[in-house]
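Me: I'm new to this structure and would like a close look at one part of it. Could you pick a single helix and walk me through what surrounds it?

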Amino acid sequence: MAALFRGSRNLLQRCNKQHVDLALVCSRSMASKTPVGFIGLGNMGSPMAKNLLRHGYPVIATDVFPESCKELQDEGAQILDSPAEVADKADRIITMLPSSPNVIEVYTGPNGILKKVKKGTLLIDSSTIDPSVSKEMALAAEKMGAVFMDAPVSGGVGAASLAKLTFMVGGVEEEYTAAQELLTCMGANVVYCGQVGTGQAAKICNNMLLAIGMIGTAETMNLGIRLGLDPKLLAQILNMSSGRCWSSDSYNPVPGVMEGVPSGNNYQGGFGTTLMAKDLGLAQHTATNTKTPVPLGSLAHQIYRVMCARGYANKDFSSVFQFLREQEEEPEKKGD
């Protein structure tokens, strides 16, 4: 009798598993028939859109620079001329743009998304912008019957390519599941932060800490080298001690210490100094508005702005190590 019971239970479990597997296949099949719009095919947007294609979603895309679209088009995406045209063809749209003015233009401009957006469309903005602009876009979208969510990312180009980004999501909680369906195709972590703008708030706080940590790591490594320590040895010691941080163990700014990071490639690729300066500016703006003291954040902002003016604008933000090395050489030159 016990054997019969076990056999029946195993059969039931197999049937349930088959039912679940079939349901998953059906849901993926149905989802894959629904196009996803993607606007902004830069260093981050392009690999994100490719990962949607790899998960079976037809992608309808556009970018202000037509040459940015070719690679995605070769992988099967449909390319259109404007955000408005994308909005006319897709009811789920992701945007990945450089700054607040770009987001405002893409959503509310003459050829913007909101000119042709359909009621019920889900709009997900993964740009890093001022939280107040996210709130403005959400209100504008709501008037057109659409839903806007902010979902900025952390992880950089490497994580975007490997679909290992972290998404920080702000918006109507009831829409979070719908957004999560798409975001999990492009990221390893998707975190709901609260109402519209809270995703941006989390991202700005993260990047302020990232900048401070990178400058601290660069200063520490530079000092150690000047004191005669081998940089690889110093990095090893830091990473087994209390000074360990992401900038020291995953993204070391000293050339030759790590492979596969911008410091090993003349600081090319990665997260640009200009973008870091922009994000620190957002942190400064929000800190001023909330009367929050951020002395180290302010100093980091100043350093990255100076770097932009000194020829580092297009280099990865870890080039602050090289910048500091140049600062120590200048007094010596003046002394000569």
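Reply: Here is a walk along helix α9, with a little of the wider protein around it.

A quick note before we start: this is a predicted model, where local features need pLDDT of at least 70, side-chain atom pairs count only at pLDDT 80 or more, and totals for chains, interfaces and linings use all residues. Residues are numbered from 1 along each chain as its sequence is written, and side-chain values use heavy atoms, with hydrogens and water left out.

Let's set the scene. The protein has 14 helices and nine strands (DSSP runs numbered from the N terminus, with H or I over at least four residues for a helix and E over at least two for a strand). Of its 336 residues, 45% count as buried, where buried is under 20% relative accessible area, exposed is over 50%, and partly exposed is in between, using a 1.4 Å probe and protein chains only. If you take contacts between residues at least 6 apart in sequence, 63% of them join residues at least 24 apart; contact here means heavy atoms within 4.5 Å.

Now to α9 itself, which spans residues 198-226. One residue to look for is K203, found in this helix. The UniProt annotation "active site", from an unreviewed entry, covers K203; positions there are given in the numbering used here, feature names are shortened, and annotations may be inferred rather than shown by experiment. K203 counts as buried because its relative accessibility is 6%. Leaving aside neighbours within four places in sequence, K203 is in contact with T128, P152, V153, M168 and D279.

T217 also has its place in α9. With 6% relative accessibility, T217 counts as buried. Not counting residues up to four places away in sequence, T217 touches C245, S247, S248 and P253.

Next, a partner helix. The axes of α9 and α13 (residues 295-312) come within 9 Å and cross at roughly 70°. That makes α9 roughly perpendicular to α13. For the terms: axes are lines fitted to C-alpha atoms, for helices over the stretch in contact, and angles run from 0 to 180 degrees between N-to-C directions. Under 35 degrees counts as roughly parallel, over 145 as roughly antiparallel, 65 to 115 as roughly perpendicular, and the rest as oblique.

Who meets whom here? From α9 come M208, A211, I212, M214 and I215, and they meet L296, G297, A300, I303 and Y304 in α13. By class, this contact has nine nonpolar residues, one polar and no charged (Ala, Val, Leu, Ile, Met, Phe, Trp, Tyr, Cys and Pro count as nonpolar, Asp, Glu, Lys and Arg as charged, and the others, Gly among them, as polar).

While you're at α13, find H301, which lies in that helix. H301 counts as buried, at 15% relative accessibility. Neighbours within four places in sequence aside, H301 is in contact with A277, L280, G281 and Q284.

Finally, the cores. A nonpolar core is a set of buried Ala, Val, Leu, Ile, Met, Phe, Trp, Tyr and Cys residues joined through side-chain atoms within 4.5 Å. The largest has 34 residues, and those with the most contacts inside it are F38, M48, L52, F167, L183 and M186. Apart from that one lies another core, of 33 residues, with L210, M214, L234 and I303 among them.
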